[in-house]
Amino acid sequence: MNEDLYIAITNTAQLLKSCSTQLFKNSVDSNLTPQEFRVLKTLIENNEEFSQHNISSILLMTKAHVGFILTSLEEKGYIQRFNNKKNGKFVKFSTATENGISEYKNVCTQLTELRKVIEKGIPPKRRELLIRDLNKIQVNFQKHHFKRIK
């Protein structure tokens, strides 16, 4: 069967979206939600301060949804938010705290077992190619998506 790439990606995305929250809750002992983890991961792995707008662009989430997540992360003590001037305007930036970094490492350790289940049967070289291709698809989508909303 010669399946269209778009259909295969769409079907996989729907499956992952419907299962990921429950899988995360069942596999990880943390008070983070999957979305909170994604935002915290973005802050930590990029090792820089991000505005709500930056995060929403990177993760393809609405600014309102990112704002809700940032407020929750701040209340849990995982991030610190502060005002800074950017282009003559005050903008609120976020950065991970030591507690946030510690919880991120804790979740990453727990996700190792889940990763083994997900990657079962995919040889390491093929996995690297798949990740590269998925990242390219994401970049292509982001370019197309942001070109349309400008």
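Here are some notes on the fold, the helix packing and one loop of this predicted model.

1. Overall layout. The chain has 6 helices and 3 strands, and from start to end they follow the pattern α-α-β-α-α-β-β-α-α. Along the principal axes, the C-alpha trace spans about 55 × 40 × 25 Å. Of the 150 residues, 25% count as buried. If you look at contacts with a separation of 6 or more, 53% of them join residues 24 or more positions apart.

2. The nonpolar core. A good place to start is the largest nonpolar core, which has 23 residues. Val39, Leu40 and Ile55 are the residues with the most contacts inside this core. Two or more residues each come from helix H2 (34-46), H3, H4 and helix H5 (98-119). H2 gives the most, with 5 residues. As general background, nonpolar side chains in soluble globular proteins tend to be buried together.

3. Leu40 in detail. What does Leu40 touch, leaving aside residues up to four places away in sequence? Its partners are Leu32, Leu73, Tyr78, Ile79, Ala96, Gly100 and Tyr104. One of these, Leu73, also appears in the contact of H2 with H4, which is the next point.

4. H2 against H4. These two helices pack at an angle of about 85 degrees, and their axes are 10 Å apart. That angle makes H2 roughly perpendicular to H4. From H2, the residues in contact are Gln35, Glu36, Val39 and Leu40; from H4, they are His65, Ile69, Leu70, Ser72 and Leu73. By class, this contact has 5 nonpolar, 3 polar and 1 charged residues. Val39 and Leu40, listed above for their contacts inside the core, are both on the H2 side here.

5. H3 against H4. The axes of helix H3 (residues 52-59) and helix H4 (residues 63-75) come within 9 Å and cross at roughly 115 degrees. H3 and H4 are therefore roughly perpendicular to each other, and their crossing is right-handed. On the H3 side you will find Gln52, His53, Ile55 and Ser56, which meet Lys63, Ala64, Val66, Gly67 and Leu70 of H4. The residues of this contact divide into 4 nonpolar, 4 polar and 1 charged. Leu70 is worth a look, as it takes part in the contact with H3 and also in the contact with H2.

6. Leu60, in the loop between H3 and H4. Which backbone angle deserves a check at Leu60? Phi is near 55 degrees, a positive value in a residue other than glycine. For context, most residues other than glycine have a negative phi. Leu60 sits in the loop between H3 and H4. At 33% relative accessibility, Leu60 counts as partly exposed.

7. Met61, in that loop too. Is Met61 buried or exposed? Met61 is buried, since its relative accessible area is 13% and the cut-off for buried is under 20%. Met61 also lies in the loop between H3 and H4. Leaving out residues up to four places away in sequence, Met61 touches Gln35, Arg38, Ser56, Val66 and Ile69. Among these, Ser56 and Val66 also belong to the contact of H3 with H4, while Gln35 and Ile69 belong to the contact of H2 with H4. As a distance check, Met61 and Leu129 are 68 residues apart in sequence and 26 Å apart in space, C-alpha to C-alpha.

Technical notes. Residues numbered from 1 in each chain as written. Predicted model: local features only at pLDDT ≥ 70, side-chain atom pairs only at ≥ 80, totals over all residues. Heavy atoms only, no water. Axes fitted to C-alpha atoms, helices over the stretch in contact; angles between N-to-C directions. Helix = DSSP H or I, 4+ residues; strand = E, 2+ residues; numbered from the N terminus. Parallel < 35°, antiparallel > 145°, perpendicular 65-115°, else oblique. Left-handed = near helix turned anticlockwise from the far one by under 90°. Contact = heavy atoms within 4.5 Å. Nonpolar A, V, L, I, M, F, W, Y, C, P; charged D, E, K, R; others polar. Core = buried A, V, L, I, M, F, W, Y, C linked by side-chain atoms within 4.5 Å. Buried < 20%, exposed > 50% of the residue type's maximum accessible area, 1.4 Å probe, protein only.
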